[in-house]
Amino acid sequence: MISVTANIWGQYDVLLADLDGVVYEGTKAIEDAPEAIRALQNQGLPIGYVTNNSSRKPETIAAQLAGFGVLCEPQDIIGSGKTGVD
């Protein structure tokens with residue numbers, strides 16, 4: 001795994017992580033993705049999660065991420081349905 005502790009994050013306010021195929025595929029986490037996200041969270045980097053799948057609620061996605069050991073709030077999930085309304 002590439003070191004996620006590299007100091008490139010100091011120049012950014014937030015990381016936007018795509019979910020489908022990057023953090024997880026279906027019901028399975030992508031190898032090393034949860035570990036990398038936790039390492040960045042531990043460094044204090046805010047993370048937003050983006051998806052073009054509008055079929056699931058942010059609460060459902062946040063629960064799935066929690067199952068992988070990635071803690072986030074539903075408001076951290078940015079879906080295509082939400083961007084179309086806002």
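Let's start with strand β4, residues 47-51, which is mostly covered: four of its five residues are buried. Please keep in mind that we are looking at a predicted model.

What does β4 pair with? On one hand there is β1, which pairs with β4 in the parallel sense over four bridges. If you want a place to put your finger, find leucine 15, which stands opposite isoleucine 47 in β4. Then there is β5, which pairs with β4 in the parallel sense too, over three bridges. Here the residues to find are tyrosine 49 and, opposite this tyrosine, isoleucine 77 in β5.

While we are at β1, look at its two faces. Leu15 and Ala17 make up the covered face, and Leu16 and Asp18 the uncovered one. Leu16 comes up again on the surface, where Val14, Leu16 and Ile78 make a nonpolar patch of about 240 Å². Valine 14 itself sits in the segment before β1, which spans 15-18. Is valine 14 buried, exposed or partly exposed? Its relative accessible area is 41%, so valine 14 counts as partly exposed.

Let me step back to the whole chain for a moment. The protein chain has three helices and five strands. Read from the N terminus, the order is β-β-β-α-β-α-β-α. There are 86 residues in the chain, and 29% of them count as buried. The accessible surface comes to about 5500 Å², with 53% of that belonging to carbon and sulfur atoms. Here is a number I like: among contacts with a separation of 6 or more, 70% come from residues 24 or more positions apart.

Valine 23 gives us a nice example of a covered residue. You will find valine 23 in the loop between β1 and β2. Valine 23 counts as buried because its relative accessibility is 2%, and the cut-off is under 20%. What does valine 23 touch, leaving aside neighbours within four places in sequence? The contacts are Ala17, Asp18, Ala29, Ile30, Ala33, Ile37 and Leu65. Take Leu65 from that list: valine 23 and leucine 65 are 42 residues apart along the chain, yet their C-alpha atoms are separated by 8.7 Å.

Now for the aromatics. How many aromatic pairs does a search of the whole structure find? The search finds one. The partners are tyrosine 24 and phenylalanine 68, with ring centres 6.3 Å apart and planes at 50°, so the pair counts as tilted. This pair links distant parts of the chain, 44 residues apart: tyrosine 24 is in strand β2, residues 24-25, and phenylalanine 68 is in the loop between α2 and β5. Both tyrosine 24 and phenylalanine 68 are buried.

Tyrosine 24 also has a neighbour in helix α2, namely glutamine 64, and the helix position of that glutamine is easy to find. Beyond residues up to four places away in sequence, glutamine 64 touches Tyr24, Gly26, Thr27 and Arg56. Why does this glutamine count as buried? Because its relative accessibility is 13%, and the cut-off for buried is under 20%.

For a contrast, go to glutamine 75, in the loop between α2 (58-67) and β5 (77-79). Glutamine 75 counts as exposed because its relative accessibility is 61%, where the cut-off is over 50%. Glutamine 75 and proline 58 are 17 residues apart in sequence, and their C-alpha atoms are 7.1 Å apart in space.

One last stop, for those of you who like backbone angles. Aspartate 32 sits in the loop between β3 (28-29) and α1 (33-42). Its phi is near 75°, a positive value in a residue other than glycine. Why point that out? Because most residues other than glycine have a negative phi. As for cover, aspartate 32 has a relative accessible area of 31% and so is partly exposed.

If you open the model afterwards, begin again at β4 with its four buried residues, follow the parallel pairings out to β1 and β5, and then look for the tilted pair of tyrosine 24 and phenylalanine 68. Thanks, everyone!

Methods: Residues numbered from 1 in each chain as written. Predicted model: local features only at pLDDT ≥ 70, side-chain atom pairs only at ≥ 80, totals over all residues. Heavy atoms only, no water. Patch = residues over 30% accessible without salt bridge, like charges linked within 9 Å, V, L, I, M, F, W, Y side chains within 5 Å. Areas by Shrake-Rupley, 256 points an atom, 1.4 Å probe, with all protein chains shown as cover. Salt bridge = Lys/Arg side-chain N within 4 Å of Asp/Glu carboxyl O. Buried < 20%, exposed > 50% of the residue type's maximum accessible area, 1.4 Å probe, protein only. Contact = heavy atoms within 4.5 Å. Phe/Tyr/Trp six-rings, centres within 6.5 Å; stacked < 30°, edge-to-face > 60°. Pairing = 2+ DSSP bridges.
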